[in-house]
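Visitor: I would like to learn how to read a model of this kind, one feature at a time. Could you take me through it, giving the general idea before the particular case?

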Amino acid sequence: MRDPKYDILFEPVQIGPVKTKNRFYQVPHCNGMGHVHPSAMAGMRAVKAEGGWGVVCTEECEISPLSEFSPYIEARLWEDRDVPALARMADAVHQHGSLAGIELAFNGYSAPNRYSREIPWAPSNTPVRSYDPVQARAMTASDIRELRNLHRAAALRARDAGFDIIYVYAGHDLGLPFHFLTPRNNRRTDEYGGSVENRVRLLRELIEDTKEAVGDRCGVAVRLAVDEQSGREGLEKSGDGAAIFSLLAELPDLWDINVADWSNDSITARFSNEGFQEEFLTGLKALTSKPIVGVGRFTSPDTMVSQIRRGVLDLIGAARPSIADPFLPRKIETGRADEIRECIGCNICVTGDHTSTPVRCTQNPTMGEEWRRGWHPERIQPKRSDSRALVIGSGPAGLECARALGTRGYDVALVEATRTLGGRLVRETRLPGLASWGRVIDYRVDAIGRLENVEIYRESQLTADDVMDFGAEHVFVATGSRWRNDGLGREIRYPLEGLDQIKVLTPDDVLAGADLPAKVVLFDDDHYYMGSALAELLRMKGIEVTFVTPATDVSAWTHNTLEQHRIQKRLLELGVQIITAHSIERLVSGGVSLSCIYTGRTKTIEGEAVLLVTSREPEQTLYDQLLSKAAEREAAGIRTVKLIGDCNAPGTVAAAVYAGHRAARLTDGSDDNVYFKRELPALDAAFI
Ligand code: ADP
Ligand code: SF4
């Protein structure tokens, strides 16, 4: 059973008229499913409730076409017709004895209304937050009345859908009430602008309206960002942040406190540690008798207990830790805290929302697949035969495949060429800020260690003949990939000219400890973390770095992980010279000739080596050998040979883990797994 020191985490907390069963609170989080994939969303939330989260909330929920968030897929409660989809989630959460929360949101100038084409509302006239050529207009007194009516109507619908906790959203520089709080957005001269008391008025009214409408049955929560982490320019906890909180301290039933904007709230591990929001929560509890929920990428029960005991917060809020491990509370409750699948802080989950696709997670390959594929994070179908499995390669794909196969009950041999398990992560976790990615290895090595039916063989580079000798019916080739050393990638479609003119390095060389000259030109056509993390590493070694990319931003894809601005800032602060919108024309002696991607104009920059971060080549030698030996394979009793992970097609760590998991699930089953359950649009009866 659990250590009694964790008992405090399982105490109930009163939130207005409702009571949680424990202190684990899944705060609202986006998931790219929302109103488009409601059953998938409900299925995902239900698994969290099953995993012990005492409260499980929706993502942002639109309350009107006057503020809709397209193309981002959030929840929607515009009218009564939207109730059943959300009721499905509330019901599913209730079935596991948890409370269901809903975050009603009206995002004002943060929502350009691309779908509804309505003019966005704001405290004062302003362009919208995105680069859309749209301006929001200053709300009139009658608009404010209408907003209050819309919010009240949505609260009633949410109650009717079965929700227990109903939010007024003033967070992330998204919710319109937040815009009223901040002088830079609110230049009004009426009773809603000017003094802090006036700026708070709208939020106060919305809380009062919501309490009056549903407060007898539902707890009313306020999500408030108390600091924008942008100094005096924005809201600061030490100034207006605490003042706003004090003015409203006793009004809601629950405070959900965080920071704005979203990139500060969901900061990645590359730029923050567990518990990073504590400074913004400290002291608030003294100002209110109402419970406070806060986040901080909590995965350690000791940190959670410490935050509660020290009076920082009352409820352990989590979005990402609940995605990485929906069963985190249950594991602590049953004395299995060491089995928690800890979030690594990579924000792959956020990329789902940013690309309007269902949430996915590096650590939890079942995330988003609960309903559509029927995958469960803790349960997997038992093996269907007594076949033996051989997994070759212990990177993220091989480790997950071996773990999942072992959990199914297969006898598994996991064979790794090197001494250390983890594949490319062994090297990549040495990059600045990526140490926590080692949790992908740790969780799986630990889980495999608990399975008697999985054997690990290290320092065993397998050949095709070795594989034949092994006598396993199912062979999984997870041999990874290597970085190309000829520049070929997205922008450069043929090997570079002049490869013999200058020292050429790849990320593999640098991570393997190659000798580095004093001046390096780094060409990044990968656009994820590798280029910028290597630039950082090289600067830490005192090497002069010129960072060249065909994109207009450094690490352009990391806009999706909310990191791009931080990465660019860090490189600039480290003195990396950045040249954007340029490709390599050719390599020359003592440098690199670049060409502008717009004009084609060329220029030569100096360097003693070029570090090419362009694309990876799948390592398929062993697989090809196995395929070419059909007769031997048959004689050896090998029934299936599958390529999984980077050796199939190099991608993210999340993709490799998913590939390993999927292959394990499909073993001895149907191979026709391309299609999954999906909800079709309900056709309107009337057409033309
Ligand atoms: P992925 O991300 O797809 O899991 P990685 O590159 O992280 O791929 O891991 C691949 C692993 O496979 C590496 O640890 C590598 O040492 C190992 N490996 C490659 N070829 C062989 C082989 N022939 N026998 C055993 N292990 C191998
Ligand atoms: Fe954590 Fe990464 Fe999973 Fe998001 S995707 S929950 S940050 S491990």
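Guide: Let us begin with strand pairing, keeping in mind that this is a predicted model. Strands β10 (residues 165–170) and β11 pair in the parallel sense, and six bridges connect them. At the level of single residues, V168 has V222 in β11 as its bridge partner.

Visitor: Which strand does β11 run parallel to through six bridges, apart from the pairing just described?

Guide: That strand is β12, which is joined to β11 by six bridges in a parallel arrangement. Here A225 stands opposite N258 in β12.

Visitor: How should I read the surroundings of β11: is it enclosed or open?

Guide: The idea is to count the residues with under 20% relative accessible area, the cut-off for calling a residue buried. In strand β11 (residues 219–227), nine of the nine residues are buried, so the strand is largely enclosed by the rest of the structure.

Visitor: What does a sheet with edges look like here, and in what order do its strands stand?

Guide: One open sheet has three strands in the order β7-β9-β8, with mixed pairing. Its edges are β7 (121–122) and β8 (126–127), and because each has a single partner strand, one side of each is left without a neighbour in the sheet. The pairing of β8 with strand β9 (residues 135–138) is antiparallel and rests on two bridges, and in it T126 has A136 in β9 as its bridge partner.

Visitor: Now to the backbone. What should I expect of phi angles and peptide bonds before I look for exceptions?

Guide: Most peptide bonds are trans, and most residues other than glycine have a negative phi. For the peptide bonds, one exception is the cis bond from S70 to P71, whose omega is near 5°; P71 is placed in the loop between β4 (55–62) and β5 (75–76). Another cis bond leads from A260 to D261, with omega near -10°, and D261 belongs to the loop between β12 (254–259) and α8 (262–265).

Visitor: Which residues other than glycine have a positive phi?

Guide: Among them is S555, with phi near 50°, in the loop that runs between β22 (544–548) and α20 (564–573). A second case is A581, whose phi is positive at about 55°, and its place is the loop between β23 (577–579) and β24 (582–588).

Visitor: Are these two residues buried or exposed?

Guide: Relative accessibility decides this, and S555 counts as buried because its value is 0%. A581 also counts as buried, because its relative accessibility is 8%.

Visitor: How do I read a helix such as α20, and what does it pack against?

Guide: A useful approach is to list the buried residues and then ask what they touch. In α20 the buried residues are Q564, R566, I567, Q568 and L571, and these pack against α8, α19 (529–540), β22 and β23. After the helix comes G575, which has a positive phi near 80°.

Visitor: Where is R665, and what does it touch?

Guide: R665 is located in helix α23 (residues 653–666), and it counts as buried because its relative accessibility is 8%. Leaving out residues up to four places away in sequence, R665 touches T366, W375, H376, R379, I380, Q381 and R408. The C-alpha atoms of R665 and L405 are 7.4 Å apart, although 260 residues separate the two along the chain.

Visitor: How does one then read the protein as a whole?

Guide: One compares overall dimensions with a simple expectation: for 688 residues a compact globule would have a radius of gyration near 26 Å, and the 27 Å of the protein agrees with this. Along the principal axes, the C-alpha atoms fill a box of roughly 75 × 65 × 65 Å. The protein has 23 helices and 29 strands, and 61% of its 688 residues are buried. Of the contacts with a separation of 6 or more, 72% are between residues 24 or more positions apart.

Visitor: What remains to be read from the surface and the charges?

Guide: The accessible surface comes to about 26800 Å², and 48% of this belongs to carbon and sulfur atoms. As for charge, there are 81 positive and 96 negative side chains, and the centres of the two sets lie 2 Å apart.

Technical notes:
Residues are numbered from 1 along each chain as its sequence is written. Chains are lettered from A and ligands numbered from 1 in the order in which they are written. This is a predicted model: local features need pLDDT of at least 70, side-chain atom pairs count only at pLDDT 80 or more; totals for chains, interfaces and linings use all residues. Side-chain values use heavy atoms; hydrogens and water are left out. Helices (H or I, at least four residues) and strands (E, at least two) are DSSP runs, numbered from the N terminus. Buried means under 20% relative accessible area, exposed over 50%, partly exposed in between (1.4 Å probe, protein chains only). The radius of gyration is taken over C-alpha atoms; the globule rule is 2.2 Å times the number of residues to the power 0.38. Contact means heavy atoms within 4.5 Å. Accessible areas come from the Shrake-Rupley method with a 1.4 Å probe; for residues, only the protein chains shown count as cover. Lys and Arg count as positive and Asp and Glu as negative; His and the chain ends are not counted. The place of a charge is taken as NZ of Lys, CZ of Arg, CG of Asp or CD of Glu. Two strands pair if DSSP finds at least two bridges between them.
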